[in-house]
Amino acid sequence: MIVNRIVLSALVAAISFSSCSSSEPSDSQSAASCKKIRRVLFIGDSITDGAWGHDCSGSPSAERNHTDMNHIYGHGYMMLCASDIQSRFPMRDVKFFNRGISGHTLSMMLGRWAADCVDLRPDLVSILIGTNDVEYYVGADSVVAPFDFCGWDAQFRHALDTLQSVCPDVRLVLCTPFVARSGWRGEAPNFSQRQSLIDSLDCRVAALANDYGAVLVRFDELFRDLAQNQPRADYWVWDGVHPTAAAHRRMADLWLESTAGLFAE
């Protein structure tokens, strides 16, 4: 189980990129692994956002505070990952950027892709997106067409292709969205539909990771495992989609374990 493996994260710091990923890396990714990572970007929705830049309203990145180092990373798994790597490798002076924005779907993220991703010239990009695509779909008031998985996949691929055309050596980390039977979402009559849609997006993300030689971080499996060991339904995820502080710690542990080879000496 993933939960049991997390404690081994300190032992995998020397493993190669190919063993960290759930799939074989592409030639470009393998060559890029020789280059030290200096600029790391986390991008996505509210789970990544964590009110970074002292913002709680989902404001655009340009309107947030970029100089207040007390709030620069937000208060979630991204901050824990950044603090861990920066504390272990101070002489590398790795720069981290949080560009999660609360409420964003994949298409909304792509609308700011140039400014919030490509223009930063990252060495590594970690993406967690999809929760709000499902949120808005299942919450629609009227009958809608079937979820456009092919269109969602095509948009994701376009974003990755655009990034790689400018930053050909960029390392990619793709994280699977997740849902939990907790809070009002867990009690809603459409929870099964929500779960099914998230599961399908997870399959798409896994396929993307395979095709692009990316590291795959299975947050969906993590939360399924965590649900087997909790004192109450909302211990790890309090409203069906947003992790608690304890869960953000576990997410950071899994992310660090999965990407350990990219930061090895």
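**Exercise 1. Locate arginine 121 and describe its backbone and its exposure.**

Arginine 121 belongs to the loop that runs between α7 (113–116) and β3 (124–128). The model in which it is examined is a predicted one. For the backbone, the angle to inspect is phi: arginine 121 has a positive phi of about 50°, although it is not a glycine. For exposure, the relative accessible area of arginine 121 is 44%. Because partly exposed covers the range between 20% and 50%, arginine 121 is classed as partly exposed.

**Exercise 2. Carry out the analysis of Exercise 1 for aspartate 93.**

Begin again with the position: aspartate 93 lies in the loop between α5 (77–88) and β2 (95–100). Next, take the backbone angle. Phi of aspartate 93 is near 50°, a positive value in a residue other than glycine. Finally, consider accessibility: with a relative value of 46%, aspartate 93 counts as partly exposed.

**Exercise 3. Is serine 46 buried or exposed, and which residues surround it?**

Serine 46 is part of helix α4, which spans residues 46–49. Its relative accessible area is 18%. The limit for a buried residue is under 20%, so serine 46 is buried. To find its surroundings, set aside the neighbours within four places in sequence; serine 46 is then in contact with Ile101, Ser102, Gly103 and His242. For histidine 242, one further detail can be given: its side chain makes a polar contact with the side chain of serine 46, at 2.8 Å.

**Exercise 4. Describe the environment of leucine 201.**

Helix α11, covering residues 191–212, contains leucine 201. The relative accessibility of leucine 201 is 0%, so this residue counts as buried. When residues up to four places away in sequence are not counted, leucine 201 touches Gly130, Val134, Phe147, Phe149, Trp152 and Pro177. For the pair formed with tryptophan 152, compare sequence and space: the two residues are 49 residues apart in sequence, and their C-alpha atoms are 8.7 Å apart.

**Exercise 5. Summarise the chain as a whole.**

First, count the secondary structure: the chain has 13 helices and 5 strands. Second, consider burial: of the 265 residues in the chain, 55% are buried. Third, examine the contacts. Among those between residues at least 6 apart in sequence, 77% join residues at least 24 apart. Last, the accessible surface of the chain comes to about 11700 Å², and 54% of that surface belongs to carbon and sulfur atoms.

Methods
Residues numbered from 1 in each chain as written. Predicted model: local features only at pLDDT ≥ 70, side-chain atom pairs only at ≥ 80, totals over all residues. Heavy atoms only, no water. Helix = DSSP H or I, 4+ residues; strand = E, 2+ residues; numbered from the N terminus. Buried < 20%, exposed > 50% of the residue type's maximum accessible area, 1.4 Å probe, protein only. Polar contact = N/O pair within 3.5 Å; in protein donor to acceptor, adjacent residues only side chain to side chain. Contact = heavy atoms within 4.5 Å. Areas by Shrake-Rupley, 256 points an atom, 1.4 Å probe, with all protein chains shown as cover.
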